[in-house]
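Work through the exercises below with the structure in view. Try each task before reading its solution.

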Amino acid sequence: MLPCVCWLQLILILLSSALWTRGENCPVACLCPDPHTVDCRGRGLTRLPNEIPLDVRRLLLADNWIPRIPSDFLVLYSDLVYLDLRNNSLSSIEPGTLSTSSRLVFLDLGSNNLTEIPTGTFGESRSLIKLRLGNNPYLSMVSEDAFTGLTSLRELELERNALSTLQVGALSQLPSLRAVRLEGNPWLCNCNFANLFTWLMENSHKLPNGVEGMECSLPMDGRRVSLTQLSKDSFRECQATLTLTDLLIIIFSGISVSVVAIMTSFFLASTVHCFQRWSKGTKGDEEESEE
């Protein structure tokens with residue numbers, strides 16, 4: 001009987017020690033249901049909590065008022081694979097902030113106040129599989145190189161933002177992409193949208209709701225139409241539209257031709273003038289010789 005009591009006391013001591021350690025490492029006002037999860041959802045936080053365990057793998061920070069992420073925040077959390085920052089007050093993500101988390105698999109930045117996704121935002125996050133950027137009502141610009149390096153990304157959510165256009169390169173450089181959500185944006189059906197429209201038609205199987213759930217505004221009257229009512233012929237006039245690069249080339253070529261023409265005219269005029277002077281000089285010498 002005595003050995004059993006001793007074993008029972010030992011087990012109770014170990015459990016108490018484990019529970020005390022878990023409580024000590026858990027940030028104030030947060031829950032830690034297991035040694036690698038920190039749950040701070042809906043705690044009214046206005047900044048990131050202090051004393052987050054270095055070996056955290058799942059960090060849940062949704063439904064707070066966090067306005068920014070320090071650029072060096074993820075440097076120490078090399079084991080982090082799941083980061084939920086949904087429904088906060090983030091207005092921007094500094095380039096390089098997330099590039100240090102090479103093991104990050106899931107990232108939710110939805111329902112924030114993001115305005116743009118610049119180049120380098122996700123740097124070296126090559127393990128990222130799912131990225132949520134939807135429901136950011138002020139997100140109007142996504143750089144063409146915003147997702148460079150996300151070679152494992154399978155799911156991308158950009159629905160219900162303020163995007164009127166999107167460079168095709170931002171999507172075509174994602175070799176593992178299987179699903180993308182783009183519905184609910186104020187797309188503008190102009191020539192800038194033509195390439196994206198072609199991509200959507202060719203990759204409609206990657207849209208969870210197909211193109212049926214997407215609309216765009218006509219440039220002339222602003223009337224919104226479903227993409228199912230459009231075809232490649234709808235953008236036929238855009239094929240003859242000159243890009244900014246084309247216009248710059250034409251302008252530069254025109255200036256160059258003008259400069260060459262002026263220099264040529266000046267050279268010819270100078271040559272003719274010299275020839276005339278030479279002719280007069282020669283004629284004068286001949287007359288003097290005859291006298």
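**Exercise 1.** Decide whether Leu76 is buried, partly exposed or exposed, and find the patch to which Leu76 belongs.

Solution. This is a predicted model. The relative accessibility of Leu76 is 55%. Exposed means over 50%, so Leu76 counts as exposed. Next, locate the residue: Leu76 sits in the loop between strand S3 (58-60) and strand S4 (82-84). Finally, look at its partners: together with Leu54 and Val75, Leu76 forms a nonpolar patch on the surface, and the accessible area of the three is about 300 Å².

**Exercise 2.** Determine which helices each supply at least two residues of the largest nonpolar core.

Solution. Start with the core itself, which has 66 residues. Those touching the most other members are Phe122, Leu131, Leu133, Phe147, Leu156, Leu158 and Leu200. The helices that each supply at least two residues of this core are H2 (169-172) and H3 (194-202). H3 gives the largest share, five residues. Now turn to the buried residues of H3: Ala194, Leu196, Phe197, Trp199 and Leu200. The buried residues of this helix pack against H2, strand S10 (179-181) and strand S11 (187-188).

**Exercise 3.** Find what surrounds Lys206 and state which side chain of opposite charge is nearest.

Solution. Lys206 lies in the loop between H3 and strand S12 (215-217). Lys206 is buried but has no salt bridge. The nearest side chain of opposite charge is that of Glu202, 9.5 Å away; a salt bridge needs the atoms within 4 Å. Setting aside neighbours within four places in sequence, Lys206 is in contact with Leu177, Arg178, Ala179 and Val180.

Technical notes:
Residues are numbered from 1 along each chain as its sequence is written. This is a predicted model: local features need pLDDT of at least 70, side-chain atom pairs count only at pLDDT 80 or more; totals for chains, interfaces and linings use all residues. Side-chain values use heavy atoms; hydrogens and water are left out. Patches are made of residues with over 30% relative accessible area and no salt bridge: like charges are joined within 9 Å, nonpolar side chains (Val, Leu, Ile, Met, Phe, Trp, Tyr) within 5 Å. Accessible areas come from the Shrake-Rupley method with a 1.4 Å probe; for residues, only the protein chains shown count as cover. Helices (H or I, at least four residues) and strands (E, at least two) are DSSP runs, numbered from the N terminus. Buried means under 20% relative accessible area, exposed over 50%, partly exposed in between (1.4 Å probe, protein chains only). A nonpolar core is a set of buried Ala, Val, Leu, Ile, Met, Phe, Trp, Tyr and Cys residues joined through side-chain atoms within 4.5 Å. Contact means heavy atoms within 4.5 Å. Lys and Arg count as positive and Asp and Glu as negative; His and the chain ends are not counted.
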